[in-house]
Amino acid sequence: MLRGVRWVVFDVGETLIDESRLWEAIAEQCGVSVATVCGVLGALIERGESHHRLWDVLGVERADPRFRIEHRDLYPDALACIGVARRLGIAVGIAGNQPAGLDDSLVAAGVSADFIGSSAGWGVRKPDPEFFTKIIDAAHAPAHTILYVGDRLDNDVLPAHRAGMKTAHIRRGPWGFLHAQDPEADSADVQIQSLHELAAILNDSL
């Protein structure tokens, strides 16, 4: 089902990175419990509203906890999946809506990739089509040879699909679990529970 894939490009949050520490830091800065932040976030996702409305609902200024990705934030299957892709001769990219310094923090966390792109560095955010054009340009490869992996339908699977890429939807994190219930999740080329599962699919496809 993934024959012809020459690139795997990963989203960051809740794909490679467990954002639990980030949301804990946001809750602390907002002066509310983590349960409150997660409850409001889940409700916004369920209603299809932007998670940036979190601050309005909580009645606080936007939190900026200056979160920096560390090795402990990587999901246990992240580096293993990247390693399998490389052993199969598949190039690896990382691209997500992230602040400046993403490449440095990921490299320090032990992540190796052929390119790392961020919304801050590229000056455009998902789901803008230009973001996915940037991925294609960075890969120097036809869109149909690129597999984009992410936890969200709206920001990851659907716009990547429209850009001509193959897609994988991972069911983890708040968006991942809620969006997996959406009929549009079937538009993904593969639906996975973990990156270990994706590694096995890549191995079987080559």
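Leaving aside neighbours within four places in sequence, which residues is Ile135 in contact with? I started my notebook with that one, keeping in mind that this is a predicted model.

**Entry 1: Ile135**

I looked up the contacts and found Val9, Ala95, Phe115, Trp122, Ile146, Tyr148 and Met165 on the list for Ile135. I then checked where Ile135 sits, and it belongs to helix α7, which runs over residues 129-139. Its relative accessibility comes out at 0%, so I noted Ile135 as buried. From the contact list I picked Trp122 for a distance check: its C-alpha atom is 9.9 Å from that of Ile135, with the two positions 13 residues apart along the chain.

**Entry 2: Salt bridges, the count**

Next I turned to charged pairs. Side chains of opposite charge can pair when their charged atoms come close. How many salt bridges does the structure hold? I got 10, and I went through a few of them one by one.

**Entry 3: Arg21 and Asp73**

The side chains of Arg21 and Asp73 form a salt bridge, with an N to O distance of 2.7 Å. I traced both ends: Arg21 is in helix α1 (residues 20-30), while Asp73 is in the loop between α3 (54-58) and α4 (78-87). That pair links distant parts of the chain, 52 residues apart. Is Asp73 buried or exposed? I found a relative accessible area of 3%, so Asp73 is buried. Arg21 has 23% relative accessibility and therefore counts as partly exposed, because the buried class ends at 20%. I also saw that this pair has company: Arg21, Glu70, Arg72 and Asp73 are linked in a network of salt bridges.

**Entry 4: Arg172 and Asp77**

Here I found a salt bridge whose closest N and O atoms are 3.0 Å apart. Which parts of the chain does this pair tie together? Arg172 lies in the loop between β5 (166-170) and α9 (173-179), and Asp77 lies in the loop between α3 and α4, so the bridge joins parts that are 95 residues apart in sequence. I checked accessibility at both ends. Arg172 is buried at 9% relative accessible area, and Asp77 is buried at 4%.

**Entry 5: Asp154 and Arg152**

My last pair was Asp154 with Arg152, whose side chains meet in a salt bridge at 2.8 Å, N to O. Asp154 has 33% relative accessibility, so I put it down as partly exposed. Arg152, at 13%, counts as buried.

Technical notes:
Residues are numbered from 1 along each chain as its sequence is written. This is a predicted model: local features need pLDDT of at least 70, side-chain atom pairs count only at pLDDT 80 or more; totals for chains, interfaces and linings use all residues. Side-chain values use heavy atoms; hydrogens and water are left out. A salt bridge is a side-chain nitrogen of Lys or Arg within 4 Å of a carboxyl oxygen of Asp or Glu. Helices (H or I, at least four residues) and strands (E, at least two) are DSSP runs, numbered from the N terminus. Buried means under 20% relative accessible area, exposed over 50%, partly exposed in between (1.4 Å probe, protein chains only). Contact means heavy atoms within 4.5 Å.
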